[in-house]
Each structure stands twice: as C-alpha cells, then as structure tokens.
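Please open the model in your viewer and keep the sequence panel visible. The tour below proceeds by selection: each stop names what to select and then describes what is found there.

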Amino acid sequence: MKQPEQTMEFYARFKIYHELMSKKIREILLVSSPYDAFIMEEDGSLASRIINEYSGLNLSHPPRVTRTSSAFDALALLNMRNFDMVVTTPHLEEMDAFTLGLKAKKTHPGLPVILLAHSPRGIYPLPENKNCEGIDKIFIWSGNSDLLLALVKNAEDHLNVDADTAKAMVRVLILVEDSPVYYSSFLPLIYKEIVRQTQAVLKMGLNEEHRLLTMRARPKILLATNYEEALALYEKFRAFLFGVISDARLPKNHQMDDNTGFLFLSQIRKEVPDVPLLLLSSESSNRKKADRIPADFLDKNSPHLLSEIHNFFLTRLGFGDFIFRMPDGTEVDRASNLHTLEAKLAQIPDASLRYHAERNHFSNWIMARSEIALASKFRKVQAGDFASVPEMREYIISNIRALRKLRQKGVVARFRAEHFDPLITDFLKIGQGSLGGKARGLAFMSTVLEQNQELHEKYSDIRIRIPKTLVICTDGFESFVAQNHLEGFAKEGFSDEEVARAFLGGEMPEWLARDLEAFVAQVTIPLSIRSSSLLEDAQFQPYAGLYQTYMIPNNHPDPSVRLKHLITAVKLVYASTYYEDPKAFSRSTSNQPQAEAMAVIIQQLSGKEYGDYFYPSISGVAQSHNFYPVARMKPEEGIAHIALGMGKTVVEGEKTLRFSPKYPEIMPQFSTVKDILANAQRFFYALRIRNYPEGPKLWRDSNLEKRDLDDAENEFPVKTLASTYVPEEDRIRDTGYMPGPKILTFAQVLKHRIFPLPDLLSDLLILGRKGMGCPVEIEFSVELTPDKARKGDFFFLQMRPMVADEGRFNVEITPDEMDRAFCRSTTALGNGKNEEIKDIVYVKPDAFDVGATVQMAEELGQINAGLLKEKRKYLLVGPGRWGSADRWLGIPVQWRHISGVGTIIELRNKQLKADPSQGSHFFQNITSLGINYITVTEDDESEDRFDWNWIRSLSTVQETAFLRHVAMEKPLIIKIDGRRSQCAIIGDQG
C-alpha cells in the first residue's frame with residue numbers, strides 16, 4: 001500500500017508564501033485631463049475608491065495615487081519618483097496616450113501603462129505601426145470602482161506569475177477576451193469572485209499570518225486579447241493551469257474568427273482532460289459547441305451572468321463544498337473543509353470515490369484551498385495505479401491527514417470549536433491578546449524544532465515534541481477581571497486566600513467558557529494549567545515559579561464536571577497574578593502589579609498511567625550556563641537536574657540528580673556508596689487520577705501527591721531508572737530488576753544510554769541559546785517505553801532566558817583582601833563590588849533546628865518587612881538551600897520573606913549539606929535580579945571561610961528565636977570575581 005512520504009518534502013509549506021507576490025503596485029501615476037478626472041471622480045476620488053475597495057475585501061496595502069493633467073509633468077515625475085504603474089486617459093493636451101506610453105517605457109522598460117477610457121470611441125481605430133506598444137492594456141471605465149481593483153491586481157499577476165509559479169506552483173486562470181468593454185466588465189467580476197471565494201476558504205486558516213500569506217497563493221488571472229497571446233500563455237503555464245474562460249469569437253492572425261475560442265478550448269481539453277473550461281458568447285447557439293468540447297457555457301447577455309459565474313467558481317473550480325456524487329449524479333454527502341473531507345472519505349461508497357478520483361475532483365478542490373503541492377501530487381496519480389478502491393481510499397485519507405498535521409507544525413493556530421481536532425492540532429490559542437512570556441517561548445521553540453529537521457533525523461528513535469497546547473490569551477484575563485470588577489486586588493493589603501475566593505466567585509466570559517466547553521468535550525487526557533504572564537520568562541526579569549500551576553486528571557465521564565474543574569483551575573491561575581509573592585517580586589523589579597496580564601497555558605500532561613497515578617519517567621531542568629562547574633566542567637557546557645516523576649521536585653529545589661550533559665559520568669554527589677544512599681531521591685510527585693478531590697479547597701500542591709519510591713518499585717519507570725543496593729556487599733548494582741532496596745541513580749540513562757538524554761540536552765541547549773541569543777533554561781520531561789522499536793518521547797515543556805552576565809568587567813580580589821575577609825568563598829555567583837550593605841540577618845547556628853525551618857521563614861519575613869520599609873538592603877546568611885520547597889534541605893522562604901535582600905550566603909555544613917540549588921525557580925529569580933548568591937562550605941578541607949566570632953561581636957538590632965539582625969556603622973565591602981567564582985566580604989575591623 002502506498003504511504004505518504006514520511007519527510008513530507010513534497011509539501012510546499014505556507015512559509016514559502018512570504019516570497020510570493022514580491023512585486024506590488026504601491027505607487028500609481030494617474031495622467032488625465034481635468035475633465036476626465038472630474039468624470040471619474042464625480043462620486044469620490046479615484047484614490048478613495050481604490051482604498052475602499054481594498055478595505056471591503058480585507059486586502060492589505062492599497063496603492064497611493066498621484067495625479068497630474070500634464071503629459072510633460074508626468075514624464076518629469078517618472079524621473080523624480082518611483083512608480084509601479086501609469087494609468088492614462090486618452091485625451092491629453094501635449095501628446096496622445098500612446099506616445100506618452102512609449103516615452104514612459106523608453107526610460108522605464110517593463111513599467112505597466114494602462115489606458116483608461118470612458119468608451120471605445122476616440123480610441124479606435126488604434127494607431128498604425130508601433131505606437132500601440134506604449135499601452136499594455138485598454139480598459140473601459142463605466143463608473144465601476146471594482147475595475148480599479150482589477151487593474152491593479154491584474155498588473156501584479158502579470159508581474160509575478162513567472163516567479164510565483166516556479167517557487168510555489170501557483171495556479172493560473174486564463175481569460176481570453178478581445179473586447180475592452182467585455183473584459184473591463186468580466187475581469188472585475190472574476191477578481192472579486194476569486195478574492196471572496198479564497199477568503200471564504202481561508203476562514204479555515206490556522207492564524208492571521210497563514211490566511212494573509214495564503215491569499216498570496218490565490219490563482220493568477222492572466223488576460224489575453226487574441227488567439228496568439230492565449231496560446232502563448234497556455235503553453236507557458238500548462239503545468240499550472242487552474243481553468244480557462246474564453247470568448248467564442250477571437251482575433252487570429254489579425255482576423256476575427258467565430259471558431260477560434262471553440263478550437264482553442266478543444267485543444268486544451270484534448271491535452272489537459274480535467275481542467276475546468278468555460279466558453280462565453282453573446283450568441284446562445286454556441287452552447288452546442290461548448291457541449292462538444294465539452295465545456296461549460298455562459299451567455300454574455302444573461303441577466304444572471306454574475307450568479308452564473310459565481311456558480312461556476314463553486315462547482316467547477318472547487319471553491320464551494322465538495323459534493324460527493326454517485327456516477328449518475330446523485331448527491332451522497334458534502335464536505336466543507338479538509339477536516340470533514342477526511343472524515344467523509346472513510347464513509348462514502350466505493351463507486352463515488354472512484355467517480356471523483358477518475359476525474360481529478362479531489363485535486364481540483366484541494367487546489368482551490370491553495371494546498372498546491374498535495375493537489376499536484378494527487379493529479380499525478382491515476383485511479384488505475386491502485387490495486388483496489390480500499391487501497392486508493394487509504395492513500396487519499398493518509399495524505400490529507402499528513403497535510404493537516406504538517407500545517408500545524410510550528411504554527412500557533414486559532415481555536416475554532418467547529419474545526420477542532422485534538423488528534424491533529426498541536427498549538428492553539430483562544431483570543432486575540434498576547435500569548436504571555438511562557439507561551440511565547442513554547443511557540444518559538446515549536447518553530448525552531450520544526451525548522452531543524454536534522455535534530456529529528458539524528459534522534460530518529462525519539463519523538464522530540466512540545467505537548468499539545470491551548471493558550472488562553474491575555475484578553476481572556478482582562479475580560480474576566482473587568483467583567484467581575486476584580487481590578488482592586490492588584491493593590492496591597494489582600495491575602496492570597498481573599499484573592500482566590502474573589503476570583504473563584506467570578507463568572508467566566510461567555511465566549512471563553514464556550515470555547516473551553518468545546519475543548520473539554522473532545523479532550524479527556526490529564527492537563528496542566530499553567531501561568532503565562534506578560535512578564536513571565538521575559539529576558540532579564542523572568543517571574544519563574546511565582547504564579548500557580550494546577551494539574552487535573554480531566555477524566556471524569558461527565559464533560560460538565562471536566563469543564564468545571566478546568567474553569568476552576570484557570571480562575572486560580574488568574575488569581576495568582578495578584579498574590580503576595582508576585583507583588584513583592586514586582587516591587588523588586590519596579591514593575592506595577594496592575595500592569596501584569598495573564599495568559600493561561602492548558603497543556604497535555606506528559607506521562608503514563610501507573611495504577612491510580614499518572615507521571616513521566618523523568619522530569620528535569622537544563623541550563624546552558626553552569627554557575628558551579630567542578631572537575632573539568634566549563635560554565636558554558638551547561639548543567640542539568642533530573643528527577644523521577646513530576647517536575648515539582650526539580651523546580652522547587654528538592655533532591656535531584658545533577659550532572660553536566662557534556663560529562664554525565666561526573667556526579668560529585670554520587671562519589672561513594674555512602675553519598676549515593678544519602679543524596680539519592682527518595683520521594684517523587686505524581687498526579688492522582690482516581691479518587692481525587694473535586695473541590696478547589698482540596699487542591700493543594702497543584703493536585704500532586706508525594707509518593708515514596710518503595711511504593712512504586714514495581715512500576716516501569718522505577719524498575720528502569722533505579723539501581724539496587726546490596727547491603728551484604730555494600731554495593732549498588734545498575735538494575736532495578738533484582739530484590740533489594742531501590743536507589744534512584746538513573747544509571748540506565750546516564751551510564752548505559754538506553755535513552756541519549758545527555759547528548760540531546762547538549763544539542764537542545766545549543767539550539768535554544770542560538771535562538772534566544774543568550775543562555776537559556778529548558779524544562780523538559782521524558783517518557784521511556786518498553787517498546788524496542790523506539791527509545792521514548794522527549795517533551796519540551798518550557799524555555800526561558802537566563803541571566804548569566806558573561807560580558808563581565810574585571811574585579812580583582814587581592815591576597816590581602818582574602819586574608820582580611822570575614823567571609824570568603826570559591827563558589828560565588830555574581831560579579832562586581834558592593835559597598836551599600838550595613839545590615840546582616842543570620843540564622844543563629846546554636847539555635848538552628850532542621851524541624852523548625854518553616855518558623856524561621858516566617859521570622860525572616862517580619863525582619864525583612866521592617867528593613868524593606870526603611871529601604872535597607874541586607875546580607876542574609878543561613879544553612880542549606882534558600883527557597884527550597886523541601887524544609888529538610890533548607891529554609892523554605894518565598895519571595896515575600898526576603899524581598900529586600902541584597903546578597904545571600906548559603907552555608908554548607910554539618911547542619912545541612914544540600915547540593916547547590918541552581919535548578920530551582922527561586923534560584924532563577926534571584927539571579928535575574930542581580931542578587932549575589934554565595935555558597936560557603938564549612939569544613940576542614942575547604943578554602944572557604946566564615947568568621948562567626950566577628951559576626952557575634954556586632955551590635956544586635958533585633959533577635960528572634962532563630963534569627964539575629966546585626967548592623968554596622970560602615971558598609972560591608974563585597975567583592976565578587978565572576979571569572980573565578982571567588983568572593984571576599986570585608987567588614988570594618990575598627
């Protein structure tokens with residue numbers, strides 16, 4: 001059975017349409033006597049009429065018209081300015097229109113010159129000899145402003161047809177008519193019909209860009225006024241022929257011949273049997289000749305000529321519905337777009353399918369939708385090439401489905417309930433506003449991945465993709481807030497609970513609720529509902545992790561319940577815009593909370609079902625800049641943090657596995673068996689998809705549950721990624737398929753490469769950095785599969801810029817300064833010199849209790865509020881990871897607790913010795929604000945130092961159960977050498 005080519009190279013993507021219609025008529029020089037101008041502009045200026053006509057048909061860039069009454073002035077203007085077309089009337093004082101045309105073309109060869117007359121009188125007979133060559137076409141003005149559109153578009157078609165047929169196989173419609181009176185009437189009819197029908201078809205377009213660019217691929221209309229011109233056009237563009245409309249009576253060898261049109265169309269029918277043909281005549285007796293061709297026939301004198309031409313376009317040129325018929329003409333079904341065509345093709349009788357395939361009806365209809373490559377492919381295949389009708393049916397359906405899928409790649413399409421197909425669409429949006437920062441990054445990476453096919457070829461046994469995504473644009477948030485009068489919550493003084501309650505009580509705009517209802521009616525997979533604010537993931541100020549994310553099973557059998565869950569999650573994401581942490585962060589960045597607008601990403605959750613739970617094999621964060629390189633690692637080679645299950649483990653700073661994609665074998669936290677047992681991940685997050693809470697009050701931790709590794713040891717991801725500890729041997733074996741305690745080492749991936757994660761991450765970080773022009777951070781997940789045919793799926797979840805200030809100025813720290821420093825570090829993030837901090841807030845070592853870290857965060861929030869009020873930046877010192885969601889790894893501060901901090905010191909000692917926290921959202925926000933982050937390792941082997949005796953000698957400003965705030969008269973001198981990651985902090989020793 002024939003299958004569509006996997007690479008789909010034969011499809012001309014709409015991206016090529018950027019290059020079409022490259023020659024435009026933008027400047028028109030109108031040369032007319034004052035009287036002619038008065039007649040033409042009696043009902044409004046010519047320029048206004050052109051602009052109105054363009055606006056009425058939603059066409060872009062109407063041309064500008066410059067008028068002069070003097071032929072000499074016209075020639076002077078042509079030498080002074082660039083014009084794309086000259087339109088002249090017959091009666092000029094200095095010279096006739098034909099002479100003006102010759103002179104214009106002498107200095108500007110190829111410039112279209114059109115003669116526009118009120119009637120044929122005064123033009124005919126035409127001048128003898130070569131004077132006629134100064135005029136390209138003669139049109140008769142009867143007050144119809146549609147003619148102005150036709151003039152411009154026809155000139156553009158003649159200018160672009162050679163290039164556009166070569167680049168994109170654009171179709172050609174030939175009109176053969178010798179009478180200026182008739183073609184001045186027909187041409188506007190045809191153009192208006194083509195434009196309107198194309199626009200009707202393009203309502204199915206993916207997005208505005210797609211529709212506008214596809215309009216450029218509409219059929220070109222070429223006008224021939226005699227047999228020789230018509231034959232030349234036909235022979236030149238036979239391969240691109242869309243249809244031919246011809247008068248019956250035409251000049252041939254300068255003599256009028258009643259049979260020329262009939263003979264011309266008969267020749268075409270013989271050579272191109274399936275092309276639509278239309279014979280026009282003012283003599284109804286010519287209908288019999290049309291039947292002999294065979295061709296359609298229209299009487300020029302018919303009072304219904306307009307509707308008859310309209311019908312020809314619908315039924316013969318394929319602009320209307322595809323009407324499935326039996327060989328006897330009986331209608332059996334209809335399809336209005338590619339989606340329904342694909343569906344109906346599976347159902348229609350064999351006889352109907354064969355009837356249409358033998359007559360190339362599928363090709364013609366698809367051609368009218370500007371899907372030129374597929375239409376051309378279908379035209380080359382004959383019904384007789386297939387062994388059976390079922391084989392032919394499968395061939396047509398599979399190619400249409402492949403095209404529909406390909407059209408979506410790298411494109412953000414508008415959500416349309418009536419055309420929504422969850423199996424085809426990858427990235428959709430509801431609304432007209434912004435996508436927000438996070439969705440912009442996803443959309444950009446979707447395009448980058450589509451453009452870099454060599455990446456897919458290199459990892460051919462892995463599907464690299466972005467989860468199916470629907471974005472509610474920022475106008476949804478703005479409408480919701482305005483409709484429910486929630487703007488006041490942007491101000492200070494409201495708790496998160498008060499904001500959430502108000503937003504949950506609001507009504508969703510009807511248009512948004514209607515689209516979400518259509519979405520959940522067809523989608524029953526687990527979903528992640530995530531924020532995508534205007535400022536989120538913006539370069540240099542990414543609001544990483546400050547807003548809420550909710551995950552919902554979305555598997556309830558009742559669609560109304562699924563809709564309720566989805567809308568509740570969207571409302572709670574909206575509410576998080578005005579929560580305390582984002583407001584505090586906004587103050588730090590000088591942004592106003594009320595200036596923030598929230599888009600929402602509704603995304604397919606990556607993972608698989610395991611019993612009552614759903615989770616991916618691996619979640620992780622990769623960064624193209626490693627702030628803490630060890631061994632032979634280099635900062636620019638990047639770093640990755642991975643964990644089993646949902647990404648909450650990674651982005652909230654809990655226990656993960658850290659490695660360099662360049663050197664996955666170097667893992668300092670896994671140096672010995674003892675280190676592995678102490679540092680390996682013991683818990684992971686999964687979404688409960690059965691017996692889950694339905695009320696928003698119960699939606700804690702984004703609906704995720706924390707599971708113990710031992711509870712899941714028989715599930716495929718654990719068995720694949722875990723190793724087994726053998727206590728008798730004090731050894732760890734790289735398999736999860738033997739008895740014994742399971743330890744997450746990811747050895748099968750990092751050591752045995754069952755999935756080439758390190759190599760793939762290296763390539764993606766290079767790609768992302770190149771695309772964004774700066775270091776990037778990528779969030780991802782991996783779904784491993786037991787299927788031997790392929791290694792699994794890589795899901796690209798998010799990309800944001802990093803602030804890795806590589807253009808650093810030099811900061812020198814002298815040996816004397818290192819000796820005098822009360823704090824020195826060889827693992828410092830930042831660069832520069834700070835002499836503004838006079839306050840230090842530190843966790844008292846003798847009072848520290850790992851079980852009281854939550855209380856420490858609250859005490860710090862109170863001290864921070866006072867210092868923030870006085871606008872005093874401070875140095876913060878404490879053990880473990882700051883901002884970790886795991887209270888046993890560090891103090892779980894949120895942004896509101898430390899929003900006034902100037903520099904942070906993370907102590908690694910016996911009390912807490914967590915791995916550096918650079919994979920977390922908290923860490924990303926700290927670095928984006930330029931807050932220095934210093935790690936001090938307190939042990940005998942380290943060169944780092946922190947002088948507690950000096951700190952204790954300082955005068956106390958305030959003290960709590962776990963913290964002390966001290967102050968100095970003179971500011972600290974904080975120096976960080978970013979090239980060497982060294983830091984020295986010097987206090988006043990006097």
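Begin by selecting Lys871, which is placed in the loop between helix 30 (853-869) and strand 38 (874-879). Before examining this residue, note that the model is predicted.

**First stop: Lys871**

Is Lys871 buried or exposed? Its relative accessible area is 77%, and because the cut-off for an exposed residue is over 50%, Lys871 counts as exposed. Now consider the backbone: the phi of Lys871 is near 55°, a positive value in a residue other than glycine. Most residues other than glycine have a negative phi.

**Second stop: Asn554**

Next, select Asn554, in the loop between strand 20 (549-552) and helix 22 (559-575). Asn554 is not a glycine, yet it has a positive phi of about 55°. Where does Asn554 stand with respect to the surface, buried or exposed? Asn554 counts as buried, because its relative accessibility is 2% and the cut-off for buried is under 20%.

**Third stop: Pro294**

Move to Pro294, in the loop between helix 10 (287-292) and strand 12 (296-299). Display the backbone from Ile293 to Pro294: the peptide bond joining them is cis, with omega near -10°. Most peptide bonds are trans.

**Fourth stop: helix 8 and helix 9**

Select residues 227-237, which form helix 8, together with residues 260-271, which form helix 9. The two helices pack at an angle of about 10°, and their axes are 11 Å apart. Helix 8 is therefore roughly parallel to helix 9, since angles under 35 degrees count as roughly parallel. The crossing of helix 8 past helix 9 is right-handed.

Which residues of helix 8 meet helix 9? Show the side chains of Tyr227, Ala230, Leu231 and Tyr234 in helix 8; they meet Thr260, Phe264, Gln267, Ile268 and Glu271 in helix 9. In this contact, 6 residues are nonpolar, 2 are polar and 1 is charged.

**Fifth stop: Ser660**

Now select Ser660, in the loop between strand 26 (657-659) and helix 25 (673-679). Ser660 counts as buried because its relative accessibility is 1%. Apart from residues up to four places away in sequence, what does Ser660 touch? Add Met633, Glu637, Gly638 and Ile639 to the selection, for these are the residues that Ser660 touches.

**Sixth stop: Asp759**

Select Asp759, which belongs to helix 28 (residues 757-772). With a relative accessibility of 35%, Asp759 counts as partly exposed. When neighbours within four places in sequence are left aside, Asp759 is in contact with Tyr459 and Arg753. Then add Pro664, which is 95 residues from Asp759 along the chain. The C-alpha atoms of Asp759 and Pro664 are separated by 9.5 Å.

**Last stop: the whole chain**

Finally, clear the selection and view the entire chain. How many helices and strands does the chain have? There are 33 helices and 45 strands. The chain contains 990 residues, of which buried residues make up 59%. The area that the chain exposes is about 41100 Å², and carbon and sulfur atoms supply 49% of that area. Consider also the contacts in the chain with a separation of 6 or more: residues 24 or more positions apart account for 73% of them.

How values were computed
Residues numbered from 1 in each chain as written. Predicted model: local features only at pLDDT ≥ 70, side-chain atom pairs only at ≥ 80, totals over all residues. Heavy atoms only, no water. Helix = DSSP H or I, 4+ residues; strand = E, 2+ residues; numbered from the N terminus. Buried < 20%, exposed > 50% of the residue type's maximum accessible area, 1.4 Å probe, protein only. Contact = heavy atoms within 4.5 Å. Areas by Shrake-Rupley, 256 points an atom, 1.4 Å probe, with all protein chains shown as cover. Axes fitted to C-alpha atoms, helices over the stretch in contact; angles between N-to-C directions. Parallel < 35°, antiparallel > 145°, perpendicular 65-115°, else oblique. Left-handed = near helix turned anticlockwise from the far one by under 90°. Nonpolar A, V, L, I, M, F, W, Y, C, P; charged D, E, K, R; others polar.
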